[in-house]
Amino acid sequence: MAVQIPFATVSKVNKTVAVEDIFFTGLLEQCQINENEPEWLQNTRQQAKSWLSHLSVPSRKDEDWRFVDLSDLTAGKFVEPASKEASYETSLQETKNNRLVFVNGTYNAELSNVTALPKGIYAGNLTNLPQKHQAKTYFAQQHGMQDAFTSLNTAGGNDVAVIWASKNAVIETPIHLLFITDGEKKAAFTQPRILVVAESNSNFSLLEEYTGLGEYFTNAVTEIYVKDNARINHTRLQEESTVSYHIGKARDSHYTISEINLGAKLFRHNPEILQQGEQTVSNLNGLTVAMGKQTSDTHSIIALTKQSGITNQLHKCIVGDRAHTVFNGKVFVTKEAQMTDATQLNRNLMISPKARVDTKPELQITADNVKCAHGATVSQLEADEIFYLRSRGLSENDAIQLLIDAFATEIIDRVDIESLRNRVKKTIEQKIKEANG
Amino acid sequence: MSETILSIRNLTANVDGTPILKGVNLEIKAGEVHAIMGRNGSGKSTLSKIIAGHPDYEVTGGEIIYQGESILDQEPNERANSGIFLAFQYPLAIPGVSNLDFMRVAYNAKQKYLGLEEIDTFDFEDLIEEKLEVVKMNPSFLARSLNEGFSGGEKKRNEILQMALLDPTLTILDEIDSGLDIDALRIVSDGVNQLKTPDKGYLVITHYQRLLDYIEPDVVHVMKDGEIITSGGKELALELESRGYDFLDDKSTAGVGV
Ligand SMILES: Nc1ncnc2c1ncn2[C@@H]1O[C@H](COP(=O)(O)OP(=O)(O)O)[C@@H](O)[C@H]1O
Ligand SMILES: [Mg+2]
């Protein structure tokens, strides 16, 4: 039975100002400086360092963090891994000649293959970016750059993955960005950073994948610029060992994202979309599967500031065992954003009585001529549905599996890479099986 | 004497502590069609769900013997795989579960149980295509989610399609006629009649005599307040139709009275 949860009021953000946070300074000390980076970038990193010195780790007193306990994270002795080579085999048929691999935050040319990239698209790291592309005018320029974890990334990072699509560039096959963190020998701290610039009329798909071994803390930041009439179909996959920590940020103005969150002991995701042009369209599709003691928190912000924008957000969570999922989705429609069409829905499937779901969809509208709808549902597996399937010969586990698949399919089917869809389905099946032990 | 498919003896059952079935006796032999009629709320669906193994009902006494074995301890899927099939009065719609995939998984569950080879997607499509003829169903229904957006009649046809596919030994049809117009009723009953064989048993639950013009019963039982209060030939159904269920009230009082 689906229970409708009425939407709650807009939260107040408590900015905590503190002197030199030990956690952050400790992490920064472990970061290596990349001498090959251009001067402007080193300056930007210095600037972020000074922002960071005024920030502390968010606590549960901060409205935006009140559901997440970061004490495990701050207590962890995370260090940057000594080895930059992970023994990791990955292959997706569709992207085998379109793949950039970063191991422990650093570009790995050997594991990468970009031979299928057409003219007009650059995919590589920032140090090798052709001069004609002005990364300086884009890097760390998005809204929200002074947030604690984003500043940490900017201050301590030592490589940047860049996807740059020139005007009218079109690429059929998805570009695959794979970030591998190897924390098997020692707990690892890595900070993947991505800059995507889609110039006008360009069109491509991007697959961002995070995976790793052992114990690690990944603090990823993605900045995306989508210019006039450009299109990006973005898929984001977290499929990590469950002893990892992950905090990521994606920001953008006009595109489709499908994100699948399967791994991480603690996962916090802040997608922020700022629609700054008229008639922009954003589709956000999210699927989180949390089992065991996982905590998965998605805080999304969509801001519509111009006329006739469209956004559709559907975020689904499957929560089992003692896992905990959080969804906080803010949609801001400013006065100028007349004729906005915005929908936001968070649907949660609880498959264990000990699981926990917190959900808070929020609309803040100042325009008067708009179509906006939002809501959240929390449901459980229906005993009668299970019985119906069992009466046709399916075992209880198979029946449950099929119903969970049915819930997840709506999002998985929106991923445009077939072999990835199949892989995700298998991984979810495996996760549920393990949970049912 | 032909083989007994189903034998129910003194079956009593509760739901949430309330007795619903109060001593049901029923015996179905191979080749026989039994009909159960009765007012709404008399316990017909409860009986059918208990035979199929629904966990909401607690059997408090009696026996259900299927092909010589007690099935009370068996899981619903075990019962299904060994040949018990219930076409539901209200088949559920399950969004996101493809009708085709669901049928293949169900078919393969039975194959596996019987120690037979599981069928692949391609061969299954041929097999199901054949079965669609039985209920004159359009293949487009296979691509849709299980029963989602199906009309009442389409849901019932989809149930009979599953019956055709799973080839059960004991078929229970719970108000397969409800919500059907006359054409759909004919298609559904034709389907059942095509599938009928002398080595199998059939239990047809209905509120109306009309269905029994199409699927002819050998025995008609009347259920009231959790019991089978009277049984007879198919003329009993006609009598119920003309005189209404009220005449049973007199009859049962007469039976109970000294
Ligand atoms: N799951 C249930 N919970 C509570 N009461 C039930 C349940 N199933 C059946 N009943 C009750 O049992 C009685 C018989 O119902 P049912 O078997 O559906 O009758 P019929 O199919 O003959 O119309 C009714 O009074 C009904 O309310
Ligand atoms: Mg009924």
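In this predicted model, a backbone N or O atom of S45(B) sits 2.8 Å from an oxygen atom of ligand 1. Taken alone, ligand 1 exposes 550 Å², and the protein buries 61% of that. Two further contacts of this kind turn up nearby in the sequence: a polar backbone atom of G41(B) is 2.7 Å from an oxygen atom of ligand 1, and for G43(B) a backbone N or O atom lies 3.0 Å from a ligand 1 oxygen.

What else surrounds ligand 1? Besides G41(B), G43(B) and S45(B), the shell includes V15(B), I20(B), R39(B), N40(B) and S42(B). K44(B), T46(B) and Y57(B) belong to it as well. Sorted by class, these neighbours comprise three nonpolar, six polar and two charged residues. Helix α1 of chain B, spanning residues 44-52, gives the most to the shell, with three residues.

S45(B) also has a part in the metal site. The magnesium ion, ligand 2, is coordinated by OG of S45(B) and OE1 of Q89(B), at 2.1 to 2.2 Å. These two residues bring together distant parts of the chain: S45(B) belongs to helix α1 of chain B, while Q89(B) sits in the loop between β6 (84-87) and β7 (94-98) of chain B, 44 residues apart. Are the two residues buried or exposed? Both S45(B) and Q89(B) are buried.

The helix that carries S45(B) is itself mostly covered, with eight of the nine residues of α1(B) buried. Among them are K44(B), S45(B) and T46(B), along with L47(B) and S48(B). Towards the other end of α1(B), I50(B), I51(B) and A52(B) are buried too. Just past the helix, G53(B) adopts a positive phi of about 95 degrees.

Chain B also holds an open sheet of four strands, in the order β2-β1-β4-β5, with antiparallel pairing. At the edges stand β2 (18-29) and β5 (69-70) of chain B; each has a single partner strand, so one side of each is left without a neighbour in the sheet. The pairing of β2(B) with strand β1 (residues 4-15) of chain B is antiparallel and runs over nine bridges. Within this pair, A13(B) is found opposite L21(B) of β2(B).

Over in chain A, a strand makes a good next stop. Why is strand β7 (residues 193-198) of chain A largely enclosed by the rest of the structure? Six of its six residues are buried, so the strand is enclosed in that way. In a regular strand, side chains alternate between the two faces of the sheet. In β7(A), R193(A), L195(A) and V197(A) point one way, I194(A), V196(A) and A198(A) point the other way, and all are buried.

The partners of β7(A) are easy to trace. Strand β5 (residues 161-165) of chain A runs parallel to β7(A) and is joined to it by five bridges; A161(A) has I194(A) as its bridge partner. Strand β8 (residues 203-226) of chain A is also parallel to β7(A), with six bridges between them. There, R193(A) stands opposite V221(A) of β8(A).

Elsewhere in chain A, A140(A) is part of the loop between β4 (121-125) and α4 (148-156). A140(A) counts as buried because its relative accessibility is 10%, against a cut-off of under 20%. Its C-alpha atom is separated by 48 Å from that of D398(A), a residue 258 positions apart from A140(A) along the chain.

Technical notes:
Residues numbered from 1 in each chain as written. Chains lettered and ligands numbered in written order. Predicted model: local features only at pLDDT ≥ 70, side-chain atom pairs only at ≥ 80, totals over all residues. Heavy atoms only, no water. Near = heavy atom within 4 Å. Polar contact = N/O pair within 3.5 Å; in protein donor to acceptor, adjacent residues only side chain to side chain. Areas by Shrake-Rupley, 256 points an atom, 1.4 Å probe, with all protein chains shown as cover. Nonpolar A, V, L, I, M, F, W, Y, C, P; charged D, E, K, R; others polar. Donors = N, O, S within 2.8 Å, 3.2 Å for Na, K, Ca; no water. Buried < 20%, exposed > 50% of the residue type's maximum accessible area, 1.4 Å probe, protein only. Pairing = 2+ DSSP bridges.
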